[in-house]
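Trainee: I am new to this structure and would like a close look at one part of it. Could you pick a single residue, walk me through its surroundings, and then set it in the whole chain?

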Amino acid sequence: MALLDIKNLTVAFDTSVGLFKAVDGIDVSVEAREVLAIVGESGSGKSVAMLAVMGLLPKTATVTADKMEFEGLDLLAMTAQEKRKIIGKDIAMIFQSRWQA
Ligand SMILES: Nc1ncnc2c1ncn2[C@@H]1O[C@H](COP(=O)(O)OP(=O)(O)OP(=O)(O)O)[C@@H](O)[C@H]1O
Ligand SMILES: [Mg+2]
């Protein structure tokens, strides 16, 4: 079982000029003790994808995925309260700057 297992993750933002798809169907699988680097040009959706995993996107974001599991736990089905037990403890983010994650 992968530590983090994501299939077909999509994030769309509801903006004043319509729907903006920032992440379009990515798959990510990370095994325990494995280090994965996600590389891409600025604005390609790296931060948004990981913020979606942590449930830290604003309400304007719609997150969908066929699968989003951490240690076999379904992150999509979890309540905010359940997620708070994992986020910050087992899954964390080092922000590159104040807001631009
Ligand atoms: N709250 C938001 N509402 C609308 N669009 C957003 C929002 N947050 C991010 N975006 C857009 O989503 C896209 C992906 O942004 P993201 O920050 O994930 O890029 P990135 O790959 O992390 O870039 P960088 O390498 O500069 O950190 C960008 O076009 C960004 O403008
Ligand atoms: Mg970023």
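Mentor: Happy to! Let us start with a term we will need: a residue is called buried when its relative accessible area is under 20%, exposed when it is over 50%, and partly exposed in between. Please also keep in mind that this is a predicted model.

Our residue is T10, which sits in strand β1, a stretch covering residues 4-15. Is T10 buried or exposed? T10 has a relative accessibility of 12%, so it counts as buried.

What surrounds T10? Leaving aside residues up to four places away in sequence, T10 touches K21, V23, D24 and G25, as well as T62, V63 and T64. One of these neighbours deserves a second look: the T10 side chain comes to 3.1 Å from the backbone nitrogen of G25.

Now stay in the strand and look at N8. N8 also has its place in β1, but its relative accessible area is 34%, so N8 is partly exposed. The backbone of N8 is worth a glance too, since N8 is not a glycine and yet has a positive phi, near 55°.

R33 gives us another positive phi in a residue other than glycine, this time near 70°. You will find R33 in the loop that runs between β2 (18-30) and α1 (46-54). With a relative accessibility of 85%, R33 is over the 50% cut-off and therefore counts as exposed.

Let us step back to the whole chain. Its secondary structure consists of two helices and five strands, and reading along the sequence gives the order β-β-α-β-β-β-α. The C-alpha trace spans about 40 × 30 × 25 Å along its principal axes. For 101 residues, a compact globule would have a radius of gyration near 13 Å; the chain has 13 Å, so the two agree.

T10 belongs to the buried residues, which make up 31% of the 101 residues in the chain. As for contacts across the chain, take those between residues at least 6 apart in sequence: 57% of them join residues at least 24 apart.

Finally, the surface and the charges. The chain exposes about 7,100 Å², and carbon and sulfur atoms supply 54% of that area. There are 11 positive and 13 negative charges, and the mean positions of these two groups lie 8 Å apart.

Technical notes: Residues numbered from 1 in each chain as written. Chains lettered and ligands numbered in written order. Predicted model: local features only at pLDDT ≥ 70, side-chain atom pairs only at ≥ 80, totals over all residues. Heavy atoms only, no water. Helix = DSSP H or I, 4+ residues; strand = E, 2+ residues; numbered from the N terminus. Buried < 20%, exposed > 50% of the residue type's maximum accessible area, 1.4 Å probe, protein only. Polar contact = N/O pair within 3.5 Å; in protein donor to acceptor, adjacent residues only side chain to side chain. Contact = heavy atoms within 4.5 Å. Rg over C-alpha atoms; globule rule 2.2 N^0.38 Å. Areas by Shrake-Rupley, 256 points an atom, 1.4 Å probe, with all protein chains shown as cover. Lys, Arg positive; Asp, Glu negative; His and termini not counted. Charge placed at Lys NZ, Arg CZ, Asp CG, Glu CD.
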